[in-house]
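User: Could you take a close look at one part of this model for me? I would like to hear about the aromatic side chains and how they pair up.

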Amino acid sequence: MLGHQNGTVRTQGAMELDSASEAMWVDVIRRMDEVYSELLRNEADLERKNAELEEAQTFISSVIASVSDVLIACSADGRIKKVNPAFLKLTGHEEKAVLGSRIFGYLAERDRPQAERLIAAGHQGNVMEGDLHLIAADGREECLAIRCAALFDAGRRRIGAVLTGRPISELKQAYEALHRAHMNLQQAQRRLIEQEKMASLGRLVAGVAHELNNPISFVYGNIYTLDRYRKNLIFYLDAIHRGETPERLAELRKSLKIDAITADVGSLLEGTLEGANRVSDIVKNLRRLSFSKAGERQTVDVGRLLRNSAHLAAKAKNAQAEIVIDSDPDLVIEGHEGQLHQVVVNLIDNALHAVEGRDGARVQLAARRLDQAIEISVADNGPGIAEKDMGKIFEPFFTTKAVGEGTGLGLWISFTIIEDFGGTITAGRSKDGGAEFRIVLPAAEGRS
Ligand SMILES: Nc1ncnc2c1ncn2[C@@H]1O[C@H](COP(=O)(O)OP(=O)(O)OP(=O)(O)O)[C@@H](O)[C@H]1O
Ligand SMILES: [Mg+2]
């Protein structure tokens with residue numbers, strides 16, 4: 001700034017001083033400007049951060065509010081720092097009253113040691129789980145499945161524990177109801193299995209009765225004939241002992257058919273013996289089937305198993321189908337003969353049902369050795385199993401038979417028995433387009 005001031009002419013030095021102070025002022029003003037604009041910038045920054053913070057807080061609050069599980073943050077000695085609305089709703093308390101109070105006041109008395117253990121574990125940085133009973137607003141105890149973890153402060157220091165709890169009273173009730181239903185179902189299932197066992201026993205008894213009927217009836221017939229022969233022979237012998245004339249004796253010998261009787265007696269006795277042997281064989285078979293206990297293992301002759309099963313199944317059903325058995329000799333498996341018999345009879349029974357009334361109805365049983373295993377197959381030339389049913393036939397109660405004709409348990413029981421003996425049972429299509437069931441069982445060790 002040059003020129004006059006206060007009416008005086010200024011010296012050179014004064015003029016230099018003036019310009020220096022002017023530059024200083026300019027600098028001060030510029031700095032003030034800078035500080036002011038930085039202040040403005042900081043304020044805007046602060047406002048933005050505030051807005052972000054508020055948003056984050058709203059977000060966290062709304063997340064916590066929407067959590068249906070109970071959430072409690074507390075210090076290591078159980079003093080509550082924060083709870084979520086689910087806790088307040090369940091206990092019926094105001095947040096103000098809860099904060100700062102101790103958690104144990106909201107729990108069933110007996111739960112205190114467990115709560116202390118959970119909080120201590122959480123505080124030490126371990127995650128621990130357990131049940132606690134919270135006193136609900138209506139006074140009842142609500143069982144919570146609690147998970148406890150560490151609570152951190154801003155410096156990542158552990159300052160307490162966070163407990164999250166899911167009410168499981170309803171879940172427990174539902175579980176108990178489910179358990180009861182399951183038990184009832186199991187009981188019903190056991191009853192049905194017993195019924196099915198009784199039904200297969202019935203089938204077996206029918207087969208045996210039919211089987212015994214034959215030899216017993218011809219033993220009876222033979223004995224009746226032998227008795228008639230005995231009368232004639234005694235009559236003839238009496239005549240000899242009385243000293244009848246040779247003519248009279250010749251006449252009697254002819255009329256009493258003595259020659260025919262003596263010729264016939266041998267075969268009659270043979271037939272009777274055969275009948276008695278047959279009865280004895282059947283009884284032996286039955287004893288073998290029934291005397292071994294379930295779960296007990298015996299060596300079972302596969303050929304005999306197939307023959308006996310075919311025999312009984314056919315007799316019980318009075319089947320017209322041809323049953324062919326094609327078994328390699330000397331095959332032996334380990335199992336329970338009665339149960340394996342039940343399986344094979346079930347399969348033959350199904351096959352006979354499938355071919356019933358068909359021309360050329362045929363059921364083919366086969367057994368052969370595969371490495372360390374024995375394969376038994378039952379095939380028929382019936383209609384086969386529908387593709388849609390293939391996945392279901394081994395399920396309990398699945399049946400395509402009319403109501404009252406089948407329980408649908410036959411294959412399921414067979415499956416269970418074969419699995420018990422370490423084998424497999426599968427279904428497929430036979431070469432004649434019918435069904436074919438294959439059982440693979442381990443061969444008995446050192447045999448066959
Ligand atoms: N040889 C077969 N040919 C065609 N379908 C079969 C054959 N074997 C089984 N099935 C099918 O599998 C179903 C289930 O058989 P499963 O033996 O378990 O019960 P079921 O024979 O119906 O009844 P139950 O054995 O109590 O008499 C049968 O209803 C049938 O649909
Ligand atoms: Mg069946």
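**Aromatic pairs**

Analyst: Happy to! In this predicted model, the count comes to three aromatic pairs. One of them joins F87 and Y106 in an edge-to-face arrangement, with 5.5 Å from centre to centre and 75 degrees between the planes. F87 belongs to helix α2 (residues 85-91), while Y106 sits in the loop between α3 (95-98) and α4 (112-123), so this pair ties together parts that are 19 residues apart in sequence. Both F87 and Y106 are buried.

Another pair is made by F394 and F415, and this one is tilted: the centres are 5.5 Å apart and the planes meet at 45 degrees. Here F394 lies in the loop between β10 (373-380) and α10, whereas F415 is in helix α10 itself, so the pair links parts 21 residues apart in sequence. F415 has 28% relative accessibility and therefore counts as partly exposed. Together with F437, the residues F394 and F415 form one aromatic cluster.

Helix α10 (410-420) also brings us to ligand 1, since α10, α9 (337-355) and β12 (435-442) each supply at least two residues of the shell around that ligand. A backbone N or O atom of L411 lies 2.8 Å from an oxygen atom of ligand 1, and a polar backbone atom of G410 is 3.5 Å from a ligand oxygen.

Rings elsewhere have charged partners. The charged end of R112 sits over the ring of F104, 4.2 Å from its centre. Likewise, R156 lies over the face of F152, at 4.0 Å from the ring centre.

Notes: Residues are numbered from 1 along each chain as its sequence is written. Chains are lettered from A and ligands numbered from 1 in the order in which they are written. This is a predicted model: local features need pLDDT of at least 70, side-chain atom pairs count only at pLDDT 80 or more; totals for chains, interfaces and linings use all residues. Side-chain values use heavy atoms; hydrogens and water are left out. A polar contact is a pair of N or O atoms within 3.5 Å; within protein, one must be able to donate a hydrogen and the other to accept it, and residues adjacent in sequence count only if both atoms are side-chain atoms. Helices (H or I, at least four residues) and strands (E, at least two) are DSSP runs, numbered from the N terminus. Rings of Phe, Tyr and Trp (its six-membered ring) pair if their centres lie within 6.5 Å; planes under 30 degrees apart count as stacked, over 60 as edge-to-face and the rest as tilted. Buried means under 20% relative accessible area, exposed over 50%, partly exposed in between (1.4 Å probe, protein chains only). A charge sits over a ring if NZ of Lys or CZ of Arg is within 6 Å of the ring centre and within 35 degrees of the ring normal.
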